[in-house]
Amino acid sequence: MSSPDTTLEARLKNAIEGDVLFDAFSRGRYSTDASFYQIMPQGVAVPKTDADLEAIIGIAHEEGLTLLPRGGATSQSGQTVGESLIVDFSTYLRKILTVDPEAVTCTVQPGIVLDQLNAQLKQHGLWFPVDVSTASRATIGGMTGNNSCGTRSIRYGIMRDNVTAIDAILADGTPMRFDEVPHKLSGINTPSTVSDLTRDLLQFGRKQKKHITRAFPGVSRRVGGYLLDGLVPGDGPVNLAQILIGSEGTLAFSKAIDLKLAPLPVNRALGICHFPTFRKAMEAAQHIVELGPTAVELIDKNLIDLARDIPMFRTTVNRFVRGKPEALLFTEFAEDNQVENLRRLKDLDELMRDLGHKNAVVEAVGAEFQKAIWEVRKSGLNIMMSMKSDGKPVSFIEDCAVPLEHLADYTERLTEVFEKQGTRGTWYAHASVGCLHVRPVLNLKLEKDTATMRAIAEEAFEMVREYKGAHSGEHGDGLVRSEFHKDMYGRKTVELFEQVKDRFDPDARMNPGKIVRPSKMNDRSLFRYKPDYTVPEIDTGLDWSAWTGAGNGFQGAVEMCNNNGACRKFDASVMCPSYRVTRNEKDVTRGRANTLRLAISGQLGQDALTSPEMAETMKHCVSCKACRRECPTGVDMAKMKIEVNRAHVQHYGASLHDRLVASLPRYARLASRIPWLPNMRNWLPGAAIIMEKFTGFSRHRPLPRWRFDAFRGKGPFGPADGREAVLFVDTFNRYFEPDTVHAALRVLSAAGTRIHIAQGKGRPLCCGRTYLSAGLVEDARAEAKRFLDAVKPHLEAGRAIIGLEPSCLFTLRDEFPSLLTGDEASRLAESAVLLEQYLVREKKARRLSLKLRAQKQPILLHGHCHQKSFAAMGDVVGALKLIPDAKVETVQSSCCGMAGAYGYGADTYEMSMAMGEASLLPAVREANEKTLLVADGFSCRHQIHDGTGRTARHSVHILDDALSGSKHKKG
């Protein structure tokens, strides 16, 4: 790895307010995007203001440094990697500058994310309709530089149709507004650099008009090269912004972008057309578009099958897929009048019948159902990338577009090319405009597969040219397609591209090697997996055998991250809590996975896995497990953090803080006998300050209060003839909140359950969660074995293992099978349920006879991260709604921020509170005083109390209060 320029680093730090990152770990995190390339940058600058941006460009100009702009880095073609100074717009330069509802326009900074822009525009009844599938993390600057298109381009057009002006900075630091200009510039008073460039561009358009008008294919999805046709004079003025759209940061840097907006659709209706063969679907597309849809999107059988294997999509897929189709076309109508949309759905059904497909349309009219279906489609690439094999679907010909009348022949012929080359492809995306995404499955660690990739590309592009299509339909050129411009457009057109580049950037300082003068697309020295890429054997503590590679598959699990950036989203889900606070690439799942991959492959130096930099990278991962569910490729960073912590402990030993946290279950019984002694820390003046110094527990919040009346019951409890189950009393509820255990016993008894208490020899059972959090995997394994041995008779008897604390219960389901081999651990995982899940299950089986009083007070529920990760929130709500008249509202929040012991750390307290303030704590403060606050997580309840002064209770208390006469019962 090349050494960074320390002089340049110092100069930048002195010149800007924003961040300057030149360390190896940071540069490594910025060396990749969603393509298969990896190039180590010289450094990273993160401007906080326009003045910062101007200073960065000025310094780069003086130093002769190349620059590369970066937004969400979701580029699939390698546009945002290079041996340059990367300028990250996404962290700070993300404001809406103006909104004009009457003109239906707005002006934004380049770093704003599309979904966040549309969330703010919603109050005006407007949206920006270039709705790319990566809308949750794609920035407007990146979309402009890429000339992005989106699902509904058949109705709204692409970026070139919706960007009206750009305020930019040229390579030499000159500011310039790219806007509409008249053909003749007489009377325009501008600085000479700007006026000269303007005149030259207009002259270029006039001079080259004849060639330009016949140089490009006529398909709507054509984004390759520079938009030279935007400079050709017509009836109206020339809009110079066109030349920057799709230029991939090779000509200038955007500072502000003017956008054309559209009214939000009032109504939508969706028809899912089923086809018995893939070709039939392709033949139908040209007819379906005649019905006036806003979108016609394809997914094939491979993608359907893969989606079914992903927990968060399985239910939705089973709901909209009928039978075993080879392909589906999602056809959307979005006229203002819903009656008209429904009429068009009928027309769609009639058309399908005319094409020989009876009863082949599944209708989705409800908004929530449609949203769930579109989430499956939007996640198409990531669903494909969930393959755990070494071979992965590779982006390089996924962007071709052909006229609809040739779509069936093109896809059939290309499939034959795949078969000839010994691979296969999965098809999906924009059937409405003939731009289908297909990625052959290849292992780019192998030279032979790299050669196969090039062979497929050459045949595919030749075919596209034959059909008068475009080789670059929406994902841009970057490193993967730029070299094919000559084959597709001819030498003359490429020379014109070079003339434009040289006029803007004569010293080739702006993102060199993209669009013009590119490298070979299959230059393996630029790949993420270079010819010398190896990962030596790693000692791991958990089971990673579902994947391939070193560390019993740990390597393969880490390499599952394809940099799609879904972890950068800010929606109502959980992933990724730390990134939502810092917006730092270091603190997002993608950044951590990239750092891990670079570390285990030796690219960050010796002992990188156990280095302080790696510890810092993992520090703010709160093990929420959201990525386990929400990352479409299944990157389980919580589990990976256990391995990193284990390696760190083996190298350095555990700190006192970590030992105190980890060993809690072992000293808890003693502490509960003398609770006044450990509780002194909370009330004795100066004790918290002293303890922070020696143990690392923050003095800014109290530690949980030990109870003398800890739960010590043996059981069994409940009716002797009741259905038998086992209650796992975790350490936290046993010693700190035993009232919750007693409430659970009352509720389960009232539900007709005979309750055994899970107990082992000697001290109470523990799930080992605290040991795992500290990296003490062998101690956790011992606890897991002890637990399994104790409950084995119950498992053999078919009894459910019921838990109260989500983090403990889901350890039985998630980590236990990774700690212990054999069927018994799997059987335990299948038998382990939260109390709410058990009650809902009993209700569905018609075995529940729970008499509850009506509840008039509203309930505000905060879900524990692990409840969300394991899709348990529906059952929590369902259990609370067993109470007559119960009104349950769920807080739309990410992690509460406490995350076990994380929020108690002196060095993580502030971050913990920032996570809580992101959504949960404000929602609690806004709740009416009569509202019942519910949180099943022990740490969540403490965060709510510490952050708001209000008390949240476990849901079982709400059920217990609703029991007739429950206040007179005792567990």
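Here are legends for a few close-up views of this predicted model.

**View 1. A small group of strands forms an open sheet with 3 members.** Reading across the sheet, the strands come in the order β26-β25-β27, and the pairing is parallel. At the edges you'll find β26 (888-890) and β27 (932-935), and each has a single partner strand, so one side of each is left without a neighbour in the sheet. Going from one strand to the next, the twist averages 25°.

**View 2. Here we zoom in on how β25 pairs with β27.** Strand β25 covers residues 859-862, and 4 bridges join it to β27, with the two strands running parallel. To pick out one bridge, start at I859: its partner in β27 is L932.

**View 3. Helix α41 lies across the strands β25, β26 and β27.** This helix takes up residues 873-880, and it runs at about 155° to β25.

**View 4. Now we move to another spot, where helices α11 and α17 cross.** A pair of packed helices is described by the angle between the axes and the distance between them. Here α11 spans residues 278-288 and α17 spans residues 407-420; their axes come within 8 Å and cross at roughly 150°. Angles over 145 degrees count as roughly antiparallel, and that makes α11 roughly antiparallel to α17.

**View 5. A closer look shows the residues that make the contact between α11 and α17.** From α11 come F278, R279, M282, E283 and A285, while α17 brings in L407, A408, D409, T411 and E412. Sorted by type, the residues of this contact divide into 5 nonpolar, 1 polar and 4 charged.

Technical notes
Residues numbered from 1 in each chain as written. Predicted model: local features only at pLDDT ≥ 70, side-chain atom pairs only at ≥ 80, totals over all residues. Heavy atoms only, no water. Pairing = 2+ DSSP bridges. Helix = DSSP H or I, 4+ residues; strand = E, 2+ residues; numbered from the N terminus. Axes fitted to C-alpha atoms, helices over the stretch in contact; angles between N-to-C directions. Contact = heavy atoms within 4.5 Å. Parallel < 35°, antiparallel > 145°, perpendicular 65-115°, else oblique. Nonpolar A, V, L, I, M, F, W, Y, C, P; charged D, E, K, R; others polar.
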